[in-house]
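Me: I have a structure on screen and want the reasoning behind its labels. Please take my questions one at a time and keep the replies short.

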Amino acid sequence: MFDLNEHIKAKDFNASHAQKYMDYLSVTKKMTGRTWNNHFRFIKTFFNYLVDRDLIDKNPFNRIKRQTELKSTRNYYFTGEEFERFNEYLIEHGKPLYYFN
C-alpha cells in the first residue's frame, strides 16, 4: 500500500506510485467516486504543470482512468406544483418558516 511517510522527489514519482496513491484513496480513505475524481483531477493537473515547466518528463497519472460517479439520491428539487403546496402549508402552519423561505 501507499506509505505517506515516504518522501519521493517529483522526478522520481512514477506511474506505480501514482496508482498506489489512488488505490490508497479508494481503499484506505474510502473516498466516493466524486471525491476520488476531484483529488485525481487536482493532482493530475499539478503534474501536468510540472511537465510544462520541464521539471519532469511525463505525468505519472496519465494512464489512470477516472472512476464512475454514482448519482446522489439525497438531493432533489420540487416540481412547481410541489413548491406551491409546500408554500401553502408553510403559510398555514409556520409563517416564520415561510418568510425565511
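Me: Why is Phe 61 called buried?

Reply: This is a predicted model, and the values here are computed from it. The cut-off for buried is under 20% relative accessible area. Phe 61 has 0%. Therefore Phe 61 counts as buried.

Me: Why is Phe 47 called buried?

Reply: Phe 47 has a relative accessible area of 6%. That falls under 20%, so the label is buried.

Me: What makes the pair of Phe 47 and Phe 61 tilted?

Reply: Start with the distance. The ring centres are 5.3 Å apart, and rings pair if their centres lie within 6.5 Å. Then take the angle. The planes stand at 50°. Stacked needs under 30 degrees and edge-to-face needs over 60. An angle of 50° meets neither, so the pair is tilted.

Me: Why does this pair tie together separate parts of the sequence?

Reply: Phe 47 lies in helix α2, while Phe 61 lies in the loop between α2 and α3 (80-93). The parts are 14 residues apart in sequence, so the ring pair ties them together. The structure holds seven aromatic pairs. Ring pairs also link Phe 13, Phe 46, Phe 47 and Phe 61 into a cluster.

Me: Which residues have the most contacts inside the largest nonpolar core?

Reply: They are Met 22, Leu 25, Trp 36, Phe 47, Phe 61 and Ile 64. The core has 15 residues. Helices α1 (15-27) and α2 (33-52) each supply at least two of them. In soluble globular proteins, nonpolar side chains tend to be buried together.

Me: What does Ile 64 touch?

Reply: Ile 64 touches Ala 18, Gln 19, Met 22, Trp 36 and Phe 40, leaving out residues up to four places away in sequence.

Me: How do you know that the span of α2 agrees with a helix of its length?

Reply: Helix α2 has 20 residues. At 1.5 Å a residue, the expected span is 28 Å. The end C-alpha atoms are 28 Å apart, so the two agree.

Me: What puts the buried residues of α2 on the same side?

Reply: The buried residues are Gly 33, Trp 36, Asn 37, Phe 40, Ile 43, Phe 47 and Leu 50. They cover an arc of only 140° around the axis, which puts them on the same side of α2. An α-helix has 3.6 residues a turn, so residues three or four places apart point the same way. The buried residues of α2 pack against α1. The face turned away from the buried side carries the exposed residues Arg 34, Phe 42 and Asp 52. Just after α2, Asp 54 takes a positive phi of about 60°.

Me: Why is Asn 37 called buried?

Reply: Asn 37 is in helix α2. Its relative accessible area is 0%. The limit is under 20%, so Asn 37 is buried. Apart from neighbours within four places in sequence, Asn 37 is in contact with Arg 66, Gln 67 and Glu 69.

Me: How do you know that the span of α1 agrees with its residue count?

Reply: At 1.5 Å a residue, the 13 residues of α1 should span 18 Å. The end C-alpha atoms are 18 Å apart, so the span agrees.

Me: What puts the buried residues of α1 on the same side?

Reply: In α1, the buried residues are His 17, Ala 18, Tyr 21, Met 22, Tyr 24 and Leu 25. Their arc around the axis is only 150°, which puts them on the same side of α1. They pack against α2.

Me: Why is Ser 16 called partly exposed?

Reply: Ser 16 is found in helix α1. Its relative accessibility is 40%. Buried needs under 20% and exposed needs over 50%. The value lies in between, so Ser 16 counts as partly exposed. Ser 16 and Phe 61 are 45 residues apart in sequence, with C-alpha atoms 9.3 Å apart in space.

Me: What makes Ile 56 buried?

Reply: Ile 56 lies in the loop between α2 and α3. Its relative accessible area is 7%. That is under 20%, so Ile 56 is buried. Beyond residues up to four places away in sequence, Ile 56 touches Ala 10, Lys 11, Phe 47, Leu 50 and Val 51.

How values were computed. Residues numbered from 1 in each chain as written. Predicted model: local features only at pLDDT ≥ 70, side-chain atom pairs only at ≥ 80, totals over all residues. Heavy atoms only, no water. Core = buried A, V, L, I, M, F, W, Y, C linked by side-chain atoms within 4.5 Å. Buried < 20%, exposed > 50% of the residue type's maximum accessible area, 1.4 Å probe, protein only. Helix = DSSP H or I, 4+ residues; strand = E, 2+ residues; numbered from the N terminus. Contact = heavy atoms within 4.5 Å. Expected span 1.5 Å × (residues − 1). Arc of directions from axis to C-beta. Phe/Tyr/Trp six-rings, centres within 6.5 Å; stacked < 30°, edge-to-face > 60°.
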